[in-house]
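Notebook open, coffee poured. Today I'm going through rings, charges and empty space.

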Amino acid sequence: MAFSKPRLAAGILSIACASLCAAAPPACDPDNGGIQLPPGFCAFVAVDGIGAARHLTVAPNGDVYVALLGEGKQKGGIVALRDANGDGRFEIKERFASTSSTTGIALHNGYLYAALVNSVERYKMTPGQLKPSGPLEIVVTGLPGVRQHGDKGIAFDGQGSLYVNVGAPSNACQSPDRRTKVAGQDPCPLLEHNGGIWKFDENKLGQKQEDGVHFATGLRQMPAIAWHDGGLYIVMNSRDQLDVFWPELFTAKENAERPAEPMFRADKAGVNFGWPYCFFDYGEQKFLLNPEYGGDGKKVGRCSEMTNPVASFPAHWAPVDVMFYSGGQFPAKYKGGAFIAFHGSWNRSPMPQDGYNVTFQPFGGAKPSGKFEIFANGFAGKTPLKEADAAVARADGVAQAPDGSLYISDSQKGKIWRVLYRGDK
């Protein structure tokens with residue numbers, strides 16, 4: 001007996017919902033998978049051991065795509081995850097794409113976009129199909145990228161443009177880099193092709209850096225980028241080792257606390273955020289001149305001309321991903337706010353390392369509406385943490401699920417947490 005098209009479609013829908021729609025809400029782990037959350041929230045580990053997980057993105061049917069760091073024996077590329085039985089855990093894991101190191105990843109207008117160190121690629125996707133149905137397409141190629149600050153994040157403005165960060169392979173534009181009492185190059189030649197955001201046509205293939213628009217400059221490293229309320233938000237990794245290279249001007253404590261991790265907003269091309277000439281002081285909440293350019297921890301100089309951040313976070317926390325929450329599961333205060341994955345510090349010795357968390361920054365429209373708060377903590381596994389390599393986990397990506405829950409990825413062993421709001425339940 002032949003089914004009519006409406007009856008066939010309804011049958012397919014009911015089969016899909018048998019595991020996705022009718023299943024009981026996932027059960028959280030008794031210890032929230034080892035992390036701490038605010039009251040009313042709980043978490044479980046949806047998958048473990050997938051490799052060094054970086055950014056991730058979620059399809060409307062709940063499939064998750066994770067970008068993987070490629071380094072040493074660790075293979076990069078992408079892993080696709082599917083919950084086959086509706087329990088919230090991912091039983092199906094499919095790897096595809098090249099084994100190159102990948103960071104930025106996004107599902108957008110029927111394509112899966114992925115940012116490698118030197119390029120942005122995409123695959124045509126078929127709804128409901130786990131792996132791509134179309135061939136690899138190269139959107140942008142030939143981007144600068146080396147091991148130091150080569151990772152790329154991506155964002156879309158919803159008007160046909162793709163934004164890509166190009167980090168600067170330097171601490172403060174010294175030559176040679178990271179040397180005691182060496183002045184910074186002035187002007188810094190790296191800023192021509194590095195240390196900024198480039199804007200491209202999301203649908204044009206084979207673009208090179210010179211085909212894009214140099215949208216923002218004065219940024220050191222910033223894979224944490226996201227479009228929100230008419231602007232691009234960028235959370236930047238600030239400079240290192242003030243005390244090591246300028247010991248007569250800065251103490252170890254000042255190095256550990258002063259150079260903030262700033263959040264910037266760029267809503268037009270040509271904005272300058274100050275690197276390498278300036279750093280934003282977390283305590284004083286203003287730009288100061290870097291010592292490589294004549295600063296002494298007090299001078300402002302040319303930094304008065306730079307565009308101030310909209311928010312700032314403690315020194316060396318290492319922001320690596322940011323997303324704005326649009327779901328309905330979490331309480332109202334989270335709507336429109338930013339979740340930021342902080343990878344954690346290495347540059348606070350002899351003081352304990354810090355960061356290793358997911359922080360929430362409330363927003364009201366285009367501007368922050370209050371002080372940030374640590375949302376998810378405990379990834380490091382121990383307190384105090386003296387060495388970064390001793391951390392049990394390091395938050396690296398944040399993504400929203402269709403039901404409004406939150407996924408968090410880990411780059412140490414490849415663990416993915418799913419965070420749910422249960423209120424008083």
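Started with Lys124: it lies over the face of Tyr111, at 4.9 Å from the ring centre. I looked at that ring again and found Arg122, whose charged end sits over Tyr111 at 3.7 Å from the ring centre. Note to self: this is a predicted model, so every number here is computed from predicted coordinates.

Next, aromatic pairs. I describe each pair of rings by the distance of the centres and the angle of the planes. How many aromatic pairs does the count come to? I get 33 aromatic pairs. I picked out Tyr163 and Phe215, which pair edge-to-face, with 5.1 Å centre to centre and 70 degrees between the planes. Tyr163 belongs to strand 11 (residues 161–166) and Phe215 to strand 13 (residues 213–217), so this pair ties together parts that lie 52 residues apart in sequence.

Are these two rings buried or exposed? Tyr163 has 1% relative accessibility, so I put it down as buried, the cut-off being under 20%. Phe215 comes out at a relative accessible area of 4%, and I log it as buried because of that cut-off too.

Second pair on my list: Trp317 and Phe372, again edge-to-face. I noted 6.0 Å centre to centre and 75 degrees between the planes. This pair links distant parts of the chain, 55 residues apart. Trp317 is in the loop between strand 20 (311–313) and strand 21 (319–324), while Phe372 is in the loop between strand 25 (367–368) and strand 26 (373–376). Both Trp317 and Phe372 are buried.

I also looked for rings that group together. Phe41, Tyr325, Phe330, Tyr334, Phe339, Phe360, Phe375 and Tyr421 make up one aromatic cluster.

Last job: empty space. Rolling a probe the size of a water molecule over the atoms shows where such space is left. I found one cavity of 30 Å³ or more, and the largest cavity has a volume of about 50 Å³. Which elements give two or more residues to its lining? I have strand 16 (261–266) and strand 18 (278–281). Strand 18 gives the most, with three residues.

For the lining itself I wrote down Met236, Ser238, Ala260, Pro262, Phe264, Phe273, Gly274, Trp275, Cys278, Phe279, Phe280 and Phe287. I sorted the lining residues of the largest cavity by type and got 10 nonpolar, two polar and no charged.

Definitions and conventions:
Residues numbered from 1 in each chain as written. Predicted model: local features only at pLDDT ≥ 70, side-chain atom pairs only at ≥ 80, totals over all residues. Heavy atoms only, no water. 1 Å grid on protein atoms, 1.4 Å probe; cavity = no way out; pocket = protein on both sides within 12 Å on 5 of 7 lines; lining within 4 Å. Points joined across faces, edges and corners; volume = space filled by probe spheres on them. Helix = DSSP H or I, 4+ residues; strand = E, 2+ residues; numbered from the N terminus. Nonpolar A, V, L, I, M, F, W, Y, C, P; charged D, E, K, R; others polar. Phe/Tyr/Trp six-rings, centres within 6.5 Å; stacked < 30°, edge-to-face > 60°. Buried < 20%, exposed > 50% of the residue type's maximum accessible area, 1.4 Å probe, protein only. Lys NZ or Arg CZ within 6 Å of the ring centre and 35° of its normal.
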